[in-house]
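Reader: I have a structure open on my screen. Please show me how to read it, one feature at a time.

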Amino acid sequence: MLITIEGIDGSGKSTLVARLRRLLDDLDPIFTREPGATWVGESVRRAIAERMDPITEALLFCADHAAHTDTLIRPALDAGRLVISDRYSDSRFAYQPVVLDGLLPDPLLWLRQIHAGWSIRPDLTFLLILPVRDAIERFDPAKKREYFENAGILARVQESYLSLAESDPARFIIVDALLPEEEIARFVADEIRMNARSSRRRPRA
Ligand code: TYD
């Protein structure tokens, strides 16, 4: 089963993942993330830092996703493992249309077409939502900020996330990211457990 965790920068994904590691230890999940740990992931981080043009950057995010799918996601799912990914395809569908706005006639359609036929759809996606100013207050002032991380862009990214969730309500679970960390983690862990139990009774399509 493939679980993804999504949300704008500062929404608390990393804290949630750290807590899930402890809470779900008995299920022996594989924790992973995008951009990934391979050199393709490194090239994405470099493209963001050097402000490559948005199309190059979007294609690198897609290449990172392809490598991640091929080397980790697909083999793990085939082996019947529970996979939990910190960011996944919805990060592209939420962030890149904002960055590509005005450069392509329909950025979201373009991105969906690039993913079609090979990307694996998550079984369940947790979307952490909070006011953008609260997200920004959580930023570590000592860390260099990526250009995505300004209020105007993040507000639009969050809007894209909410419209993705609206168009696929069976897959998305929206989580109030202002709730206490412990409460969020327990809720998400319980939902994953419930779904893992019912997916064991269902053969994989
Ligand atoms: P992030 O996971 O936040 O990395 P780090 O913990 O190193 O900051 O991802 C880096 C940035 O890339 C983040 O602002 C979100 C953005 N991003 C996209 O724009 N598109 C994508 O497809 C992904 C995976 C991330």
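Reader: How many residues does the largest nonpolar core have, and which have the most contacts inside it?

Author: Remember first that this is a predicted model. Now the general idea. In soluble globular proteins, nonpolar side chains tend to be buried together. Here the largest nonpolar core has 51 residues. Ile8, Leu20 and Ile192 have the most contacts inside that core.

Reader: Which residues is Leu20 in contact with, leaving aside neighbours within four places in sequence?

Author: Leu20 is in contact with Ile5, Asp25 and Phe31. Ala185, Val188, Ala189 and Ile192 are also on the list. There is a second, separate core too, made of eight residues. Among them are Ile30, Ala76, Leu77 and Val83.

Reader: Let us turn to the sheet. In what order do the strands come, and is the pairing parallel or antiparallel?

Author: Strands of a sheet pair through backbone hydrogen bonds, either parallel or antiparallel. In this model, five strands form an open sheet. The order is 2-3-1-4-5, and the pairing is parallel.

Reader: Which strands stand at the edges?

Author: Strand 2 (30–33) and strand 5 (172–176) do. Each has a single partner strand, so one side of each lacks a neighbour in the sheet. From one strand to the next, the twist averages 20°.

Reader: How many bridges join strand 4 to strand 5?

Author: Five bridges join strand 4 (residues 124–129) to strand 5. One residue to look up is Phe126, whose bridge partner in strand 5 is Ile173.

Reader: What does helix 1 touch on the sheet?

Author: Helix 1 (residues 13–23) touches strand 1 (2–7), strand 2, strand 3 (83–86) and strand 4. The direction of helix 1 makes about 150° with that of strand 1. Helix 3 (residues 54–78) lies across strand 1, strand 2 and strand 3. Helix 3 runs at about 155° to strand 2.

Reader: How many residues of strand 1 are buried?

Author: Six of the six are buried, so strand 1 is largely enclosed by the rest of the structure. Check both faces. Leu2, Thr4 and Glu6 are buried on one side, and Ile3, Ile5 and Gly7 on the other.

Reader: Which strands does strand 1 pair with?

Author: Strand 1 joins strand 3 through four bridges. In that pairing, Thr4 stands opposite Ser85. Strand 1 also pairs with strand 4, over five bridges. There, Ile3 stands opposite Leu124.

Reader: Now the aromatic rings. How many aromatic pairs are there?

Author: A pair of aromatic rings is described by the distance of the centres and the angle of the planes. The count here is two aromatic pairs. Tyr95 and Phe148 are edge-to-face, at 5.5 Å centre to centre with 75° between the planes. Tyr95 is in helix 4 (residues 89–99), while Phe148 is in the loop between helix 6 (132–137) and helix 7 (151–167). They are 53 residues apart.

Reader: Why is the pair of Tyr95 and Tyr161 edge-to-face?

Author: Look at the angle. The planes of Tyr95 and Tyr161 stand at 90°, so the pair is edge-to-face. The ring centres are 6.3 Å apart. This pair links Tyr95 in helix 4 to Tyr161 in helix 7, 66 residues apart. Tyr95, Phe148 and Tyr161 form one aromatic cluster.

Reader: Is Tyr161 buried or exposed?

Author: Tyr161 counts as buried, at 0% relative accessibility. Tyr95 is buried as well, with a relative accessible area of 6%.

Reader: What lies over the face of Phe93?

Author: Arg112 does, at 4.5 Å from the ring centre.

Note on methods: Residues are numbered from 1 along each chain as its sequence is written. This is a predicted model: local features need pLDDT of at least 70, side-chain atom pairs count only at pLDDT 80 or more; totals for chains, interfaces and linings use all residues. Side-chain values use heavy atoms; hydrogens and water are left out. A nonpolar core is a set of buried Ala, Val, Leu, Ile, Met, Phe, Trp, Tyr and Cys residues joined through side-chain atoms within 4.5 Å. Buried means under 20% relative accessible area, exposed over 50%, partly exposed in between (1.4 Å probe, protein chains only). Contact means heavy atoms within 4.5 Å. Rings of Phe, Tyr and Trp (its six-membered ring) pair if their centres lie within 6.5 Å; planes under 30 degrees apart count as stacked, over 60 as edge-to-face and the rest as tilted. Helices (H or I, at least four residues) and strands (E, at least two) are DSSP runs, numbered from the N terminus. A charge sits over a ring if NZ of Lys or CZ of Arg is within 6 Å of the ring centre and within 35 degrees of the ring normal. Two strands pair if DSSP finds at least two bridges between them. Axes are lines fitted to C-alpha atoms, for helices over the stretch in contact, and angles run from 0 to 180 degrees between N-to-C directions.
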